[in-house]
Amino acid sequence: CSAAVSTFAFAYLLAPESVGVAASGLAIVSLLLIFPPPVISDVLVRFGNDLGEWIAAGRRLSRIVAVTSLLMIVATGAVMGLATEHRAMGLVVALLGVRAFFESLSYPALSRMRVALKFRQIAAIDTLIALTVMVAGIAYAWFTQRPEAVVIGFVAGAVVRSIAFAIASGPREEPIHPTGQFPVLFKDFRGACLGHYVYALMLVADRFLLTLFCSDRVVGIYYFAFMLSTQVNAAIGVAIGVVVQPILGHLRDDPLRQLRAFRTVCCALAAVTIPVMVAQTALTRLFFELVLPEAYADSAPILEILSIAMCFCCCMGPCLAMLTAQSRFRAYLGLQIAQLTPLAILVSAGAILGGETLGGLYAALGVLGTYVAFGPFALWLAGQRADREVRAQLALRQAQLALVREHGAAALARVLHVRGVARGQFGQRDRCSLLRGHGRGRSARLRVARRVIAATCACGLDPANTAS
């Protein structure tokens, strides 16, 4: 809700050109973040209950990523502001470098809370961050009406985020020998970074390409519609992704439960998101006529198209969490490259053909086509490995049960026969049949044993223990 309030406030306080400058700065920073800070948490959470042995290496990694990101992004912003005409965009980029610094420092503490399943505290802190972003952004836009008002709230929220998670995660628990674990952690981090970096590029490719081929006004109109279309996914999908990944990581040794949890989350998320997106598509025109200013009227058809596109990518967060929990970083990377390639081609063609009047609309159509194709594919890819492992385990279990039925039935028959002889329930003929390995007594007991084992298997018990 806070993001929606901020978006509406910016519509009245900022011109589309100012929003476009901020959107272009956000896209440029995404290109510069070659070490995305969220990957720190994704890599650490995979260790589950063993995180305490890796947390010192995680803090060292977060400091390196924070300083590297700060220097690279601030330097780029300074060059843009001093050596080019885009001074406002340079300031936006520099501010986002400060945001990346504080966000990187917060992820080790967040990882500890995620592994400990402290989701209530995380939700409370996220609420505090959202309120900070809203108040700071609206206040700055009210007094200045400058482009950096769109991102100044993100900087304030990042500072609050770093402090709040450090306090809420509790006292530090340093391992005895943390130094030898950093190379292993950095190797995993480097492998996961490429896939997440391509994913970040895919998220901002439409706005970056519009920045190259269209004016700031077109970018601002498109970004305004994009922000409205992603409110539900940002509020629900991202939060579910944060919660689901540590749970899927805990279930990595039980593929059947992991697959069930993944499918349950996707079904619940789709059941909430898709009806909201359909209603948003139907009410867009009326909403723009009654609430929003005339300067953003061109965002209405773009919002309709992007709302439909969100229906096909609403489960992307759980899919990526599933791939990360399974350490399938190559599949993660391949999925992002497969999406980024047609997205870049379609959006570029739409921006060039549409020009200043229809560039944003054609770009939205390119986004819709990409999500329609790759949204269902991501669901299939995320559940493929777990589904295959479940089928293999079921086949192995069936083979084991067949083997137990074959040998356990005979063993159980002999046990029952011997107990009957000892109690005097069988005659001399049964004793002879036991010695010869055939006969009426053994056949009867064998049939009984088979029925017992069949019933045992049907009840989910272990027939080997029953036979013994």
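The legends below describe close-up views of a predicted model.

**View 1. Helix H2 and its cover.**
Helix H2 runs over residues 16-32. At 1.5 Å a residue, its 17 residues should span 24 Å, and the end C-alpha atoms are 25 Å apart, which agrees. The helix is mostly covered, with 15 of its 17 residues buried.

**View 2. Phe 8 and Phe 287, an aromatic pair between helices H1 and H11.**
The count of aromatic pairs in the model comes to 8. One of them joins Phe 8 and Phe 287, whose ring centres are 5.4 Å apart and whose planes are at 50°, a tilted arrangement. Phe 8 belongs to helix H1 (residues 2-13) and Phe 287 to helix H11 (residues 255-290), so the pair ties together parts that are 279 residues apart in sequence. Phe 8 has a relative accessible area of 26% and is partly exposed. Phe 287 is also partly exposed, at 28% relative accessibility.

**View 3. Phe 224 and Tyr 296, a buried aromatic pair.**
Here the ring centres of Phe 224 and Tyr 296 lie 4.5 Å apart with the planes at 35°, so this pair is tilted. Phe 224 is in helix H9 (residues 216-229), whereas Tyr 296 is in the loop between H11 and helix H12 (299-312). The two residues are 72 residues apart, and their pair links distant parts of the chain. Both rings belong to buried residues. A wider view takes in one aromatic cluster formed by Phe 8, Phe 224, Phe 287, Phe 288 and Tyr 296.

**View 4. Arg 99 with Glu 103 and Phe 154.**
Two contacts of Arg 99 are shown, a salt bridge with Glu 103 and a charge placed over the ring of Phe 154. In the salt bridge, the N to O distance is 3.3 Å. Arg 99 and Glu 103 are 4 residues apart in helix H5 (residues 87-115), about one turn of the helix. The charged end of Arg 99 is 4.7 Å from the centre of the Phe 154 ring. Glu 103 is buried at 17% relative accessible area, while Arg 99 is partly exposed at 24%. Buried means under 20%, so Glu 103 falls within that class.

**View 5. Arg 207 over the ring of Phe 226.**
This view shows a second arginine placed over an aromatic ring. The charged end of Arg 207 lies 4.1 Å from the centre of the Phe 226 ring.

**View 6. Arg 146 and Glu 148, a salt bridge with one buried partner.**
The structure holds 5 salt bridges, including the one between the side chains of Arg 146 and Glu 148. The N to O distance in this salt bridge is 2.5 Å. Arg 146 is partly exposed, with a relative accessible area of 37%. Glu 148, in contrast, counts as buried at 1% relative accessibility.

**View 7. Asp 298 and Arg 217, a salt bridge between a loop and helix H9.**
The side chains of Asp 298 and Arg 217 meet in a salt bridge, 3.2 Å from N to O. The pair links distant parts of the chain, with Asp 298 in the loop between H11 and H12 and Arg 217 in helix H9, 81 residues apart. Asp 298 is partly exposed, with 43% relative accessible area. Arg 217 is partly exposed too, at 32% relative accessibility. The loop between H11 and H12 also holds Tyr 296, the partner of Phe 224 from helix H9 in View 3.

Notes
Residues are numbered from 1 along each chain as its sequence is written. This is a predicted model: local features need pLDDT of at least 70, side-chain atom pairs count only at pLDDT 80 or more; totals for chains, interfaces and linings use all residues. Side-chain values use heavy atoms; hydrogens and water are left out. The expected span of a helix is 1.5 Å times one less than its number of residues. Buried means under 20% relative accessible area, exposed over 50%, partly exposed in between (1.4 Å probe, protein chains only). Rings of Phe, Tyr and Trp (its six-membered ring) pair if their centres lie within 6.5 Å; planes under 30 degrees apart count as stacked, over 60 as edge-to-face and the rest as tilted. A charge sits over a ring if NZ of Lys or CZ of Arg is within 6 Å of the ring centre and within 35 degrees of the ring normal. A salt bridge is a side-chain nitrogen of Lys or Arg within 4 Å of a carboxyl oxygen of Asp or Glu.
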